Amino acid sequence: KTVFFLFQQTLCLSVTWLTAGCKYHCDPGYLLYGNYCYHLETEDVKNWQDAEDHCSRQQGHLASIHSQEEKNLKIYQSPTGISLWMGGHDSVTEGGWEWTDGSPFRYIRWNAGNPDDYYGEDCLSILINNGYWNDDNCQYNRGYICKRRGEKRHFSG
């Protein structure tokens with residue numbers, strides 16, 4: 001199946017011949033948005049920790065969201081079920097949500113009734129049908145979104 005993710009803002013495509021005006025670029029398989037590269041993994045599902053480990057090996061982390069604009073990530077036609085892993089967790093202190101990249105957990109977009117810590121849910125997933133967040137069982141296998149800083153483009157002229 002095809003997987004798309006769109007932002008409701010200007011998007012700079014990471015295609016070798018179509019990069020005019022982009023200050024940053026991403027490796028193939030990543031989508032550039034702002035200064036960050038995003039990779040949506042839908043075929044190789046993992047539990048939350050294994051997904052974070054995979055993103056870390058790619059010099060990133062599971063995705064964190066910090067603004068109204070960045071939350072406009074829309075996910076369509078994901079074959080992995082109802083949600084995808086993101087980098088939020090409250091495994092250190094119940095209710096003390098934090099991002100794996102160490103950035104402040106200030107912007108929130110919880111689905112109605114969440115977080116509810118149902119049977120010890122400590123990891124954050126994003127619901128693919130509406131983009132809202134759910135606290136989830138960290139052992140479930142899901143697709144995931146990795147995020148890493150874009151590489152600065154060096155223009156020669």
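Which side chain meets that of Lys 46 in a salt bridge? The views below lead to the partner, and they start with the whole chain. Keep in mind that this is a predicted model.

**Figure 1. The whole chain is built from one helix and 12 strands.**
Follow the sequence from its start and you pass through β-β-β-β-α-β-β-β-β-β-β-β-β. In other words, four strands come before the helix, and the other strands follow the helix. The chain has 157 residues, and 48% of them count as buried. Its accessible surface comes to about 8,700 Å², with 49% of that belonging to carbon and sulfur atoms. Now look at who touches whom: among contacts with a separation of 6 or more, 68% are between residues 24 or more positions apart. The next views zoom in on the salt bridges, and the structure holds three of them.

**Figure 2. Lys 46 and Asp 44 meet through their side chains.**
Here is the partner we were looking for: Asp 44. The N to O distance in this salt bridge is 3.0 Å. Is Lys 46 buried or exposed? Lys 46 counts as buried, because its relative accessibility is 16% and the cut-off for buried is under 20%. Asp 44, on the other hand, is partly exposed, with a relative accessible area of 37%.

**Figure 3. Arg 148 and Asp 27 join distant parts of the chain.**
These two residues form a salt bridge whose closest N and O atoms are 2.5 Å apart. Try finding both along the sequence: they are 121 residues apart. Arg 148 belongs to strand E11, which covers residues 142–149. Asp 27 lies in the loop between strand E2 (24–25) and strand E3 (31–33). How does each residue sit relative to the surface? Arg 148 is buried, with a relative accessible area of 11%, while Asp 27 counts as partly exposed at 30% relative accessibility.

**Figure 4. Asp 136 and Arg 142 form a salt bridge between two buried residues.**
What is the distance between the closest N and O atoms of Asp 136 and Arg 142? The distance is 2.8 Å. Asp 136 has a relative accessibility of 2% and counts as buried. Arg 142 counts as buried too, at 11% relative accessibility. You have already met the strand that begins at residue 142: strand E11, with residues 142–149.

Notes. Residues are numbered from 1 along each chain as its sequence is written. This is a predicted model: local features need pLDDT of at least 70, side-chain atom pairs count only at pLDDT 80 or more; totals for chains, interfaces and linings use all residues. Side-chain values use heavy atoms; hydrogens and water are left out. Helices (H or I, at least four residues) and strands (E, at least two) are DSSP runs, numbered from the N terminus. Buried means under 20% relative accessible area, exposed over 50%, partly exposed in between (1.4 Å probe, protein chains only). Contact means heavy atoms within 4.5 Å. Accessible areas come from the Shrake-Rupley method with a 1.4 Å probe; for residues, only the protein chains shown count as cover. A salt bridge is a side-chain nitrogen of Lys or Arg within 4 Å of a carboxyl oxygen of Asp or Glu.
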